[in-house]
Amino acid sequence: MGSLRKGLSRTRQSFFGRIAQALGATDITEDTWDEVEALLIQADVGVPTTMMLVDRLRHLGITRADKLTEALKDELRQLLIEPQPLNLSGRTLSVVLIAGVNGSGKTTSIGKMAYRMRLNNRKVLIAAGDTFRAAAIDQLKLWGERAGVPVIAGQPNSDPGAVVYDAVNAAHSRGVEVLIVDTAGRLHSNFNLMAELVKVRDVLRKVVPDAPHETLLVLDGTTGQNALTQAKKFQEAIDVTGVIVTKLDSSAKGGMVFAIQQELGLPIHYIGIGEDMRDLVFFNPTSFVDSLFENGNEE
Amino acid sequence: MFDSLSDRLQDVFDNLGRKGKLTEEDVATALREVRMALLEADVNLKVAKDFIRRVQERAIGAEVQKSLKPSQQVIKIVHEELIQTLGQPGRLNLGGPSPRVIMLVGLQGSGKTTTAAKLALMLRRDGRRPWMVAGDTYRPAAVDQLVTLAKQLDIPYYEEGTRAAPPDICVRGVQAAKDAGASVVILDTAGRLQIDDQMMSELEAIRDRTQPAEVLLVADAMTGQEAVRIAEGFNERVGLTGLILTKVDGDARGGAAISMREVTGVPIKFMGTGEKIDGFEPFHPDRLASRILGMGDMMTLIERAEQAFDQREAEILQRKMLKNQFTLEDFLKQLQQVKKMGSIGQILNMVPGMGRLRQQINIDDEDAQRQLKKVEAIIYSMTPSERRNPKLLNASRKRRVAAGSGTSVEDINALLKQFREMQRMMKMLGKGQMPKIPGMFR
């Protein structure tokens, strides 16, 4: 938990620390509500979710500002889904498909995820499905080396479907338990690239029964309202089952998480909180909300 | 999901239904909607507040022009103020002794390496001699990425792998470029958080030792409220001279651009607009303003059309049409050109006022795309002589084409009917008559 605190300490200080200050032991006025609204908006929580939260809080009949913090915490926590463990056991080969827009942190997250799984004594293999971006394969191979997990790759600009196919074969013959499939970054608004992604998923479906068993969308934690659109479009295209939010060690607040869980019901499995191999941690709604509210003294 | 601002304002004023001067009340009502639209477009809250204040001052008491509705008048003021806030597009400062150094900085994943290559290509097209220096020794394979792109574009580069310190690499890179007679050197640097003190010190060292003419912040157009802090952080530590907005080809409103521009005061210089290496354009404030307000982007549409349609081919086609020599082959060519402009949905989104219509008619992008594909497949399955003369298609040939294209004989009949209809219209056009145009898109 220490590392989550480390990653979120800035978030906490700059944002919810201020809520606590704003909501001192005074009576609630219209200014108080404006303040709550402003703080939520600035955390990228988004206009509709903010309005909904403020509306709910107003109906609670709270009169003292300092009581608002607890109530807001409660409401925020209720918007978050308790993540279930990833559905990656109980069969010979489980497949995780990773997707997201360019630069969201897919390759890095895969490296960290593979490392975590290997530490848990699982036999992992990575498929380098990003054959488009220059040197993406090299990047993934280096992460594979660091994590101690083999990587199956094809030629740059080759068909990602073929790479996936080869990787599944390799996984079977090597007795691999979890295959993680990387894909090229693509904007959700690009029709052709989304169609290509569907094709990769379909190849997986064909060669492994019920695959992919998890389809995780990697979202950049510094993204604003577009994150929700991204999640919707990817969900429509490839039935996303969960989300990884990256770069939460930045000063960004990751507030779009609330809208995504609220509207799409997608659980958040991991959050990325740094550049180190160990800086991918399980998402824990309670400590996520709690640590946002702590008044950190460090830094 | 987002209603465009113009739609919203229209609703507000339709209810009021008044004309003449804008009253304080009109303006207040309208500005509440403007504020929402800005926040939904990821404009920073404080920046939005300041902006609203400026618009308010201009709008109260403003005469509604005869040709405009009150809602349009407000939009006009907002749009103008937005363009002013976004500022004029900045040009690169490339005068002075060669080589000029351009340093790219930004968060992880904002697109620095790709931008370095796009910028180099643009500079070379402008007749300069660019070099690229691989200064990112942290991200695995970042050096390989830069080298791969440089080789693809045949642009000279400097790299030392990942062992040396980035400031040393950059200094030696600039020297190497200078010795080789380069006129511009683009320094790629590792992505970093503006709150990472150690990494920011490294940027200061690179800046101090290479004396760049330009320090450009490369920022993701999808960035949220944090844009302000990111831009402020980089500006305070390394002194920015400009901004480059990436991933503008997505559907984010791009309000972060206003925030960053406001807090740094430096101009936005370029926009990254696509996966391809030439997806890079000078910044257009008017277009971004329209987009932030959800007002469509006519200019981009026109430019895309110009790029997609080969002028000479268009003329040939036109001549053929008029002489009634238009064949299925020409038809196919035309379809492909339309396809190059983007999906139907993308195209419609760029048309002003289409936002609302789109919601109503709910055009299914995938369906339209599938239809186009089907037509393509059918025509491809014909022999060249069949394409030139569809009358050859008897029942047995149609069955063959249907089998070859994975369609049915009915599909082929439908296409041929549509094609005959087109030919008929063209014939009339050729004779100088205006035909009634039946709904092309059902």
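Biologist: Which strand of chain B do two bridges join to strand E2?
Modeller: In this predicted model, strand E2 covers residues 130-135 of chain B and runs parallel to its partner, to which two bridges join it. Within this pairing B:Met132 stands opposite B:Tyr157. The residue B:Tyr157 lies in E3(B), and the strand joined to E2 is accordingly named E3(B).

Biologist: Which strands stand at the edges of the sheet in chain B?
Modeller: Eight strands form an open sheet with mixed pairing, in the order E3-E2-E4-E1-E5-E6-E7-E8. The two edge strands each have a single partner strand, so one side of each is left without a neighbour in the sheet. These are strand E3 (157-158) and strand E8 (280-282) of chain B.

Biologist: At about what angle does helix H8 of chain B run to E1(B)?
Modeller: Two helices may be described together here, beginning with helix H5 (residues 112-125) of chain B, which lies across several strands, among them E1, E2 and E4, and runs at about 170° to E4(B). Helix H8 (residues 197-210) of chain B lies across E1 and E4 of that chain. Its angle to E1(B) is about 175°.

Biologist: Which residue of chain A stands opposite A:Tyr270?
Modeller: Chain A holds an open sheet of eight strands with mixed pairing, in the order E3-E2-E4-E1-E5-E6-E7-E8, and its edge strands, E3 (151-152) and E8 (280-282), each pair on one side only. Strand E7 (residues 268-272) of chain A and E8(A) pair in the antiparallel sense over three bridges. Opposite A:Tyr270, in E8(A), stands A:Phe282.

Biologist: About how much area do chain B and chain A bury between them?
Modeller: The contact involves 39 residues of chain B and 45 residues of chain A. Of the area buried between the two chains, 59% is on carbon and sulfur atoms, and the total is about 3,700 Å².

Biologist: Which three residues supply 17% of the area that chain B buries against chain A?
Modeller: The area that the two chains bury between them is about 3,700 Å². On the side of chain B, one set of three residues supplies more than any other three, and that set consists of B:Pro140, B:Met222 and B:Glu275.

Biologist: Which residue of chain B forms a salt bridge with A:Glu37?
Modeller: Across the interface of chain B and chain A there are twelve residue pairs in polar contact, both residues of each being at pLDDT 80 or more, and one salt bridge. By class, the side of chain B that touches chain A has 14 nonpolar, twelve polar and 13 charged residues. In the salt bridge with A:Glu37 the closest N and O atoms are 3.6 Å apart, and the partner is B:Arg35.

Biologist: How many residues apart are B:Arg172 and B:Glu160?
Modeller: These two residues form a salt bridge in which the closest N and O atoms are 2.6 Å apart. The pair links distant parts of the chain, with B:Arg172 in helix H7 (residues 166-179) of chain B and B:Glu160 in the loop between E3 and H7, and the separation is twelve residues.

Biologist: Where is A:Pro212 found, given that a cis peptide bond joins A:Ala211 to it?
Modeller: Most peptide bonds are trans. The bond between A:Ala211 and A:Pro212 is cis, with omega about -10°, and a cis bond with omega about -10° also joins B:Ser98 and B:Pro99. A:Pro212 is found in the loop between helix H8 (191-207) and strand E5 (214-220) of chain A.

Conventions:
Residues numbered from 1 in each chain as written. Chains lettered and ligands numbered in written order. Predicted model: local features only at pLDDT ≥ 70, side-chain atom pairs only at ≥ 80, totals over all residues. Heavy atoms only, no water. Contact = heavy atoms within 4.5 Å. Buried area = accessible area lost by both parts, 1.4 Å probe. Salt bridge = Lys/Arg side-chain N within 4 Å of Asp/Glu carboxyl O. Polar contact = N/O pair within 3.5 Å; in protein donor to acceptor, adjacent residues only side chain to side chain. Nonpolar A, V, L, I, M, F, W, Y, C, P; charged D, E, K, R; others polar. Pairing = 2+ DSSP bridges. Helix = DSSP H or I, 4+ residues; strand = E, 2+ residues; numbered from the N terminus. Axes fitted to C-alpha atoms, helices over the stretch in contact; angles between N-to-C directions.
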